[in-house]
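Subject: Structure handover

Hello,

I am passing on the structure we talked about. Please have a look at it before reading the notes underneath.

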Amino acid sequence: MANGSHAVLALHWQVNVIKPEGFFGGMLAEPVARSGVVERAARFHAEAAAPVVFTRFTVPEGEGQLVRNTEFMRAVGEAQELFRPDSPGAQLIPEMSGALDVVDNQKLSGLAGNDLADRLTARGIDTLFITGVATNLTVEQTARHATDLGFTAHVVTDCTTAADPAVHEAAVANLNLTTAGCLTGVEALARLGG
C-alpha cells in the first residue's frame, strides 16, 4: 500500500460472492453478471491513482472473530469450510487477479475484526472510495463504519451492485445521507487523478 490520502477499498470480490459456484451464487451471480459491475470495477481499480485494498470474507479454523448473531452469520458459520482462506470460494475472482493487498475478516464491515483501519490511518489515508458486492450488505456496512471511524467515504455506485436493482438504489440513497456522498466511477477517477 502506497502512501497518500486516498485508497480504494474493494469489498468481497471473491468466488463465494460473485460466481455461480460460490456460496452466495444463487442469490448474486446472475444479478452481478447482468449488471456488468465486475468489468467496471476491475477497470476502475486499474485506473485509480491510489492503492487498492481488497477484503475477503473468510472463516479460519476456530472461526476467528465470527459471531453468529444474525441469520447471515449463522449461515456462513454452518458453511465455514467453504470460506476457509485457502478454499476455492474464498479466492478473489480472476478479474481481480494481481491484487497485492488483501485483508481477511469475519465481519460484514471490511474494516471490522482486522487492523485495516489502523494500517490506512498510519499511511495517512483519510478518504476511501468503496467498490464491492453487495451494496446493501458489506458495502453499506463498511461505508457507514468508515464514516464512524473518521474516514471520508465515497461509494462508487457503478462499481457496486445488489441482488435487486431497487435494493441497490435504496442502499445508494441511504449512503448519500450517511457518507460523504456516492460517486460514479468517472467522478471518482476525476477526484483520484486517474
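The notes below describe the sheet in this structure and the pairing of its strands.

Please keep in mind that this is a predicted model.

The sheet is open and has five strands, which lie in the order β3-β2-β1-β4-β5. The pairing is parallel. At the edges are β3, covering 102–105, and β5, covering 152–161, each of which pairs on one side only. On average, neighbouring strands of this sheet are turned by 25° against each other, direction ignored. As general background, strands of a sheet pair through backbone hydrogen bonds, in either a parallel or an antiparallel arrangement.

Most of the detail concerns β1, which spans residues 6–11. Its partners are as follows:

- β4 (residues 127–133) pairs with β1 in the parallel sense, over six bridges. Within this pairing, Leu-128 of β4 is the bridge partner of Ala-7, and Thr-131 of β4 stands opposite Ala-10.
- β2 (residues 52–57) also pairs with β1 in the parallel sense, here over four bridges. Thr-55 of β2 is the bridge partner of Leu-11.

Is β1 buried or exposed? Five of its six residues are buried, meaning under 20% relative accessible area. The strand β1 is therefore largely enclosed by the rest of the structure.

Best regards

Key:
Residues are numbered from 1 along each chain as its sequence is written. This is a predicted model: local features need pLDDT of at least 70, side-chain atom pairs count only at pLDDT 80 or more; totals for chains, interfaces and linings use all residues. Side-chain values use heavy atoms; hydrogens and water are left out. Two strands pair if DSSP finds at least two bridges between them. Helices (H or I, at least four residues) and strands (E, at least two) are DSSP runs, numbered from the N terminus. Axes are lines fitted to C-alpha atoms, for helices over the stretch in contact, and angles run from 0 to 180 degrees between N-to-C directions. Buried means under 20% relative accessible area, exposed over 50%, partly exposed in between (1.4 Å probe, protein chains only).
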